[in-house]
Every structure is written in structure tokens, then in C-alpha cells.
Amino acid sequence: MTKKIIACPQCGKDSEWSENNKFRPFCSERCRMIDLGAWANEEYQIAASTSDDENDYSTGDEPGARDATPTMH
């Protein structure tokens, strides 16, 4: 079986896709940590579709919200 070689998504270097590469799909821990930092800094975004009902998780402060919330005791 031949080794599957892919391009590291961070730096573009060849990277082996196997259990021997504990950083896969990255070529190194450095590239993996750079990518993790980009996610933590919100540099990447996952596209989301807009919803017709924007108040699915209402705080109760919106116009027309109920006078009492289930958390009132």
C-alpha cells in the first residue's frame, strides 16, 4: 500500500495522511497550533443559513415577548 500524501492546509508542504502522523492533516504541531489559534481568534467562520424565526432562543426582552418567563419563581 502506498502512502497517501496531502498538502498541509496551513503551509502547503507535503504531509503523510496516516496514523504515523499524529498532527494530520497538518505536517507539524506548529501548523496545527497556528490553525487552532486562527479558530480561537475567530478568523474562520462557518457559513450559516438565515432563519425565518430569528428569536428561536428568545431572552424575553424582544417586543411581543411573554410577560412572564418560565424562570420566574
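These legends go through a few close-up views of one predicted protein model. Residues are counted from 1 along the chain as its sequence is written, and side-chain values use heavy atoms, with hydrogens and water left out. Because the model is predicted, local features need pLDDT of at least 70 and side-chain atom pairs count only at pLDDT 80 or more, while totals for chains, interfaces and linings use all residues.

**View 1. The whole protein, with its pattern β-β-α.** Let's start with the parts list: 2 strands and 1 helix. Helices (H or I, at least four residues) and strands (E, at least two) are DSSP runs, numbered from the N terminus. Of the 73 residues, 14% are buried; that word means under 20% relative accessible area, while exposed means over 50% and partly exposed is in between (1.4 Å probe, protein chains only). The accessible surface is about 6900 Å², and carbon and sulfur atoms hold 49% of that. This area comes from the Shrake-Rupley method with a 1.4 Å probe; for residues, only the protein chains shown count as cover.

**View 2. How confident is the predictor in the strands?** The score here is pLDDT, the predictor's confidence in each residue, from 0 to 100. Across the protein the mean is 81, and 66% of the residues reach 70 or more. Among the elements, strand β1 (residues 5-7) has the highest mean, 95, and strand β2 (residues 14-16) has the lowest, 93.

**View 3. Two residues of strand β2, serine 15 and aspartate 14.** Which is buried and which is exposed? Serine 15 is the buried one, at 3% relative accessibility, whereas aspartate 14 is exposed at 65%. Leaving out residues up to four places away in sequence, serine 15 touches Lys4, Ile5, Ile6, Cys8, Asn21, Pro25, Phe26 and Cys27. With the same kind of neighbours set aside, aspartate 14 is in contact with Ile5, Ile6 and Cys27. Contact here means heavy atoms within 4.5 Å.

**View 4. Phenylalanine 26 and strand β2.** Look for the backbone oxygen of phenylalanine 26: a polar atom of serine 15's side chain lies 3.2 Å away. Aspartate 14 and phenylalanine 26 are 12 residues apart along the chain, and their C-alpha atoms are separated by 9.0 Å.

**View 5. A cis peptide bond at proline 25.** Find the loop between β2 and α1 (29-40), where proline 25 lies. The bond that leads from arginine 24 to proline 25 is cis, with omega near 10°. Arginine 24 has something else to show: its charged end sits over the ring of tryptophan 17, 5.5 Å from the ring centre. To count as sitting over a ring, NZ of Lys or CZ of Arg must be within 6 Å of the ring centre and within 35 degrees of the ring normal.

**View 6. The aromatic pair of tryptophan 39 and tyrosine 44.** Searching the whole structure turns up 1 aromatic pair. Its ring centres, in tryptophan 39 and tyrosine 44, are 4.9 Å apart and the planes meet at 70°, so the pair is edge-to-face. The rule covers rings of Phe, Tyr and Trp (its six-membered ring) with centres within 6.5 Å: planes under 30 degrees apart are stacked, over 60 edge-to-face, and the rest tilted. Tryptophan 39 is partly exposed at 42%, and tyrosine 44 is partly exposed too, at 33%.

**View 7. Glutamate 42, in the segment after α1.** Here's a backbone detail: glutamate 42 is not a glycine, although its phi is positive, about 60°. Its relative accessible area is 63%, so glutamate 42 counts as exposed.

Note on methods. A polar contact is a pair of N or O atoms within 3.5 Å; within protein, one must be able to donate a hydrogen and the other to accept it, and residues adjacent in sequence count only if both atoms are side-chain atoms.
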